[in-house]
Amino acid sequence: MSLDNLDRRILDRLQRDADLTNQTLADEVGLSPSACLKRVKRLRESGIIERQVALLSPEAMKPCLHMVVEVTMERDHKPLYQRFLQRAIAAPEVKQCYQVTGECDFVLIVVVPDMDAYDRFCDSVLYADDNMRKFRTLLSRKRNKFDTAALIAD
């Protein structure tokens, strides 16, 4: 599905505030409410809008540790990568998982309540894979920016 300028404006506004009423969204992008609603419905049905979620304030939640984990595999073999990927994706501690190029093979964003929980994660996900050669953990001291907005291509 190709996006026109109005679609991109709708997506931009919804990525910043998905709680907007249809009337407010229509006013902000310069459409009638019915035309705006049709476009949003089409964007949902086409899968461009996957879902709407609530972003929680980290300060309002229990303290937790955010970690960036770089994982290097022993052998470059697709079935072995897929096996690790399935285990990583299934782990609730893994919030993001990227297969990357360069020094390591995967980068995981892991969130745990404490170091004991991280140790359990390491045992059940990282050390459990016999193709995992090594991993490096970077502990986040402070989150300076967090943005969920996707790049909207022209």
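With which side chain does the side chain of Arg-39 make a polar contact? The tour comes to that pair after a look at the whole chain, and throughout it should be kept in mind that this is a predicted model.

Begin by colouring the chain by domain, selecting residues 5-46 as domain 1 and residues 58-139 as domain 2, which are the bounds that the domain assignment gives. With both selections displayed, the distance to look for is that between their C-alpha centres, which lie 36 Å apart.

Next, stay within domain 1 and select helix H3, residues 33-45, where Arg-39 is found. Arg-39 has a relative accessible area of 17%, and because the cut-off for a buried residue is under 20%, Arg-39 counts as buried. Now show the side chains of Arg-39 and Asp-4, which answer the opening question: the two side chains make a polar contact at 2.9 Å. To see what else surrounds Arg-39, add Leu-6, Asp-7, Ile-10 and Leu-31, which together with Asp-4 are its contacts once neighbours within four places in sequence are left aside. For a further distance, pick the C-alpha atoms of Arg-39 and Asp-27, which are twelve residues apart along the chain and separated by 14 Å.

Then turn to the largest pocket, which holds about 1,700 Å³ of space. A good way in is to select Val-53, Leu-55, Phe-146, Asp-147 and Thr-148, since these are the closest to the pocket's centre among the 43 residues that line it. From there, highlight helix H1 (5-16) together with strands E1 (65-73), E2 (94-99) and E3 (106-112), the elements that each give two or more residues to the lining. Of these, H1 gives the most, with four residues.

Where does the largest pocket lie in relation to the two domains? Bring back the domain colours: domain 1 and domain 2 both give residues to the lining, so the pocket lies between them. As a last step, colour the lining by residue class, which will show 26 nonpolar, six polar and eleven charged residues.

Technical notes: Residues numbered from 1 in each chain as written. Predicted model: local features only at pLDDT ≥ 70, side-chain atom pairs only at ≥ 80, totals over all residues. Heavy atoms only, no water. 1 Å grid on protein atoms, 1.4 Å probe; cavity = no way out; pocket = protein on both sides within 12 Å on 5 of 7 lines; lining within 4 Å. Points joined across faces, edges and corners; volume = space filled by probe spheres on them. Nonpolar A, V, L, I, M, F, W, Y, C, P; charged D, E, K, R; others polar. Domains from an automatic or database assignment. Buried < 20%, exposed > 50% of the residue type's maximum accessible area, 1.4 Å probe, protein only. Contact = heavy atoms within 4.5 Å. Polar contact = N/O pair within 3.5 Å; in protein donor to acceptor, adjacent residues only side chain to side chain.
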